[in-house]
Amino acid sequence: MTKDYAEKRASLAAKCRRALPEPGEAEKKLDARIAALREELRAELGGQIPGSLPVLWDEKLRESGLYALCRALPKGADLHLHSIAVLPPDELIDFLAARRDVVVGTLAEERGKLYLASDRLGAEDGRMELAHALEIDELTRAELRELWSVTGRAPDEGIWDWFEKLFDRHMSLGTSPAVLGDYYRAAFRYLRENGVCHAELRHLFFGSKEDARAAAEAIREAYYEVRREFPDFSARVLGAGLKYRHLPQDITDMLMENALYAHETVKDEFDPASPEEFVVGIDLVNEEDASRPLGEYEEMLALLRARWPEMRLSLHAGESHEPESDNLIDALLLGAQRVGHGLNLYRRPALLDAYRDAGVTLEVCPMSNQTLGYVPDLRAHPAVEYFRRGVDMVLASDDPAYQEITPLTDDFFAAAACWGFGAAELKQLAVNSLRRAFVGEARKAELVAAFERAWEEFAARVG
Ligand SMILES: [Zn+2]
């Protein structure tokens with residue numbers, strides 16, 4: 001290669017990168033380390049890093065130096081998590097095996113479905129404590145792992161059909177404040193131990209208004225407890241609404257009313273001198289291709305906002321196969337500050353620019369996108385373009401327990417291994433996640449400062 005050609009090449013390559021803060025010495029070394037580990041992985045895998053899920057579950061990947069680095073990396077906030085889909089099957093088994101207030105179904109369609117012990121129907125209902133079911137080999141860990149994650153899906157079953165069954169099997173975890181609180185004590189610790197320092201959960205506030213208040217209080221108490229252990233940890237909740245075509249509108253209305261009531265009655269008073277919102281806003285969730293268009297919720301959202309002016313809005317949009325149901329125009333018009341996924345923006349470049357100019361943040365969940373079949377090959381994930389175009393973006397993990405992924409670790413690994421992202425890009429994604437978190441400015445500054453310290457220490461140690 002001539003010197004002239006090499007210079008032109010380097011100049012064009014530099015233009016393709018997103019302008020990011022100039023890295024310090026330690027960060028440059030960390031960047032070189034990430035590149036070296038990626039090369040090591042490529043060599044180990046025979047010359048190419050594949051982008052498909054079965055390979056990402058491969059032991060060679062999980063035992064690689066690059067994966068270990070991503071596990072230890074400070075990763076900021078996970079802004080897109082669905083309630084009760086955080087603790088991985090093995091941890092959930094341990095959690096439930098120690099409880100007497102939750103039982104598991106063992107008969108036919110009920111197999112693996114959780115119930116409160118108070119919902120037992122009688123001696124012949126097949127529902128039993130999990131410890132007992134394991135002890136008598138009525139259920140095994142291997143079967144539960146399959147019943148509680150995507151690994152158990154039959155090849156001819158639709159992924160969303162299976163996914164809905166997983167939610168249904170675990171639904172009871174959210175119906176008792178005592179169980180919910182203990183679940184989140186375990187789940188928040190698990191997240192923090194995996195380098196996640198702030199979590200934002202979508203929670204379905206079923207039941208009465210007082211049920212909603214009790215659920216929010218239980219999650220808040222769990223968060224307080226974990227924050228006492230890890231001062232840089234915090235959590236927020238968004239009330240989730242459902243938008244299935246077949247679902248009566250009054251169920252969505254009830255979920256929204258309950259979210260508003262939980263918002264009004266449960267605050268984050270960890271620091272009594274500066275209380276903050278705890279239930280900070282709402283989201284409309286579930287499979288987009290099976291849902292009503294978001295535009296139909298214009299009036300509902302306007303009425304809700306009139307009573308809840310500071311309501312934060314994150315909407316699932318652009319996570320669909322059908323172009324007609326991607327909802328991306330509506331999410332922008334409805335005033336979403338953040339959008340879950342936004343995958344299909346590549347279909348409308350003008351809209352992509354509008355998102356960037358409006359400063360809407362995309363909550364990109366690469367591992368989830370692959371599991372659910374929206375991006376079969378992670379190397380071709382459209383978010384790489386969005387990031388380089390300057391669209392605001394964070395990485396998030398969606399339903400990590402059901403997808404058998406480690407929250408954020410696997411998503412950052414996908415970015416490092418399959419997108420070629422280095423230290424500057426990974427840091428930007430993590431910092432974005434804290435800047436876009438739905439917390440007050442003072443708390444945000446604390447989280448960013450703690451992250452910067454952790455990052456510097458990590459770069460100095462690993463680089
Ligand atoms: Zn989601």
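## A zinc site, a small sheet and a pocket

Two bridges link strand β2 (residues 102–104) with β4, and the two run antiparallel. In this predicted model, Val104 sits across from Met128 of β4. The wider arrangement is an open sheet of three strands, ordered β3-β2-β4, with antiparallel pairing. Because β3 (114–116) and β4 (128–129) stand at the edges with a single partner strand each, one side of each has no neighbour in the sheet.

Let us turn to the metal. The zinc ion has four protein donors, His80 (NE2), His82 (NE2), His316 (NE2) and Asp398 (OD), at 2.1 to 2.3 Å. Along the chain these donors follow the spacing H-x1-H-x233-H-x81-D. His80 and His82 are both buried.

How does the geometry of the site come out? The angles among the four donor atoms run from 83 to 168 degrees, and the site is irregular. A tetrahedral site would need all angles between 85 and 135 degrees.

Next comes the largest pocket, with a volume of about 710 Å³. Its lining is made up of 36 residues, and Phe167, Met171, Leu204, Phe206 and Leu242 lie nearest the centre. The elements below each give two or more residues to that lining.

| Element | Residues |
|---|---|
| α9 | 159–170 |
| β5 | 198–203 |
| α11 | 209–229 |
| β6 | 234–242 |

Helix α9 provides the largest share of the lining, six residues. By residue type, the lining of the largest pocket divides into 18 nonpolar, eleven polar and seven charged residues.

Terms used
Residues are numbered from 1 along each chain as its sequence is written. This is a predicted model: local features need pLDDT of at least 70, side-chain atom pairs count only at pLDDT 80 or more; totals for chains, interfaces and linings use all residues. Side-chain values use heavy atoms; hydrogens and water are left out. Two strands pair if DSSP finds at least two bridges between them. Helices (H or I, at least four residues) and strands (E, at least two) are DSSP runs, numbered from the N terminus. On a 1 Å grid over the protein atoms alone, a cavity is a set of points where a 1.4 Å probe fits but cannot get out, and a pocket is an open set with protein on both sides within 12 Å along at least five of seven lines; lining residues have an atom within 4 Å of a point. Grid points are joined across faces, edges and corners, and a volume is the space filled by probe spheres set on the points. Ala, Val, Leu, Ile, Met, Phe, Trp, Tyr, Cys and Pro count as nonpolar, Asp, Glu, Lys and Arg as charged, and the others, Gly among them, as polar. Donors are N, O and S atoms within 2.8 Å of the metal (3.2 Å for Na, K and Ca); water is not among the atoms, so sites may look incomplete. Four donors count as tetrahedral if all angles lie between 85 and 135 degrees; four count as square planar and six as octahedral if opposite donors are over 155 degrees apart and all others between 65 and 115; anything else is irregular. Buried means under 20% relative accessible area, exposed over 50%, partly exposed in between (1.4 Å probe, protein chains only).
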